[in-house]
Amino acid sequence: AAIRQRPASGAPRREALRRALGVLAMPHNAPRAAELTRRTVDAIWRVAGDRSTDWNFYSKRGLLAGVYGATLLRFLEDRSEGAAESWAFLDRRIEDVMRVPRALSGLRDRLACIPGPLSLLRGRVAGRR
């Protein structure tokens, strides 16, 4: 709901929003654009009740920045009734993000079976003694 609220609030001024994003997309405005994105995704997570302070703080905000940015761009071109296509797009992106922890878990399990480079060296050094 918080992700939807932000673009929807700009709907009456869609062309102004489009132009503002065009200005922010200029290379010399990259620091300002990054700061605005950071503040937006941080506010969305805080409204959602997130109080993380570990690496999840950064990963959640990084993932949300991608979802939010893509949804905002989709919203600017959406002419469907009530921006239904944008909200369906947003739902699909959230489903994609929800797959990330499962993929990481599977990757961790696979990587756990592979010996690290230091353990290989330790085995060689121990074999020489």
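Which residue forms a salt bridge with Asp 91? The legends below take this pair first. The model is predicted.

**Figure 1. Asp 91 and Arg 4 form a salt bridge.** The closest N and O atoms of Asp 91 and Arg 4 are 3.7 Å apart. This pair links distant parts of the chain. Asp 91 sits in helix H5, residues 84–98. Arg 4 sits in helix H1, residues 2–9. The two are 87 residues apart. Asp 91 has a relative accessible area of 35% and is partly exposed. Arg 4 is partly exposed too, with a value of 32%. The structure holds twelve salt bridges.

**Figure 2. Glu 15 pairs with Arg 18 within helix H2.** The pair is a salt bridge, with its closest N and O atoms 3.1 Å apart. Helix H2 covers residues 14–24. Glu 15 and Arg 18 are separated by about one helical turn because they are three residues apart in this helix. Glu 15 counts as partly exposed, at 40% relative accessibility. Arg 18 has a relative accessible area of 23%, so this residue is partly exposed rather than buried, for which the value must be under 20%.

**Figure 3. Asp 96 forms a salt bridge with Arg 99.** The closest N and O atoms of Asp 96 and Arg 99 are 2.7 Å apart. Asp 96 is partly exposed, with a relative accessible area of 32%. Arg 99 also counts as partly exposed, at 43% relative accessibility. Elsewhere, salt bridges that share partners build one network. Its members are Asp 42, Arg 46, Asp 50, Lys 60 and Arg 61.

**Figure 4. Eleven residues make up the largest nonpolar core.** Its members are Ile 3, Val 41, Ile 44, Leu 64, Val 67, Tyr 68, Leu 72, Phe 75, Ala 83, Trp 87 and Leu 90. Which elements give two or more residues to this core? They are helix H3 (30–47), helix H4 (55–77) and H5. H4 gives the most, with five residues. In soluble globular proteins, nonpolar side chains tend to be buried together.

**Figure 5. Leu 64 is one of the core residues.** What does Leu 64 touch, leaving aside residues up to four places away in sequence? Its contacts are Ile 3, Val 41, Ile 44 and Trp 45. Among them, Ile 3, Val 41 and Ile 44 belong to the largest nonpolar core.

**Figure 6. Four residues make a nonpolar surface patch.** Leu 104, Leu 107, Leu 111 and Ile 114 form this patch of about 350 Å². Ile 114 lies in the loop between helix H6 (100–112) and helix H7 (117–128). Is Ile 114 buried or exposed? Ile 114 is exposed, because its relative accessible area of 54% is over the 50% cut-off.

**Figure 7. The protein chain has seven helices and zero strands.** From the N terminus on, its elements run α-α-α-α-α-α-α. The chain has 129 residues, and 22% of them count as buried. Consider contacts between residues at least 6 apart in sequence: 51% of these join residues at least 24 apart. The chain exposes about 9,300 Å². Carbon and sulfur atoms supply 61% of that area.

How values were computed
Residues numbered from 1 in each chain as written. Predicted model: local features only at pLDDT ≥ 70, side-chain atom pairs only at ≥ 80, totals over all residues. Heavy atoms only, no water. Salt bridge = Lys/Arg side-chain N within 4 Å of Asp/Glu carboxyl O. Helix = DSSP H or I, 4+ residues; strand = E, 2+ residues; numbered from the N terminus. Buried < 20%, exposed > 50% of the residue type's maximum accessible area, 1.4 Å probe, protein only. Core = buried A, V, L, I, M, F, W, Y, C linked by side-chain atoms within 4.5 Å. Contact = heavy atoms within 4.5 Å. Patch = residues over 30% accessible without salt bridge, like charges linked within 9 Å, V, L, I, M, F, W, Y side chains within 5 Å. Areas by Shrake-Rupley, 256 points an atom, 1.4 Å probe, with all protein chains shown as cover.
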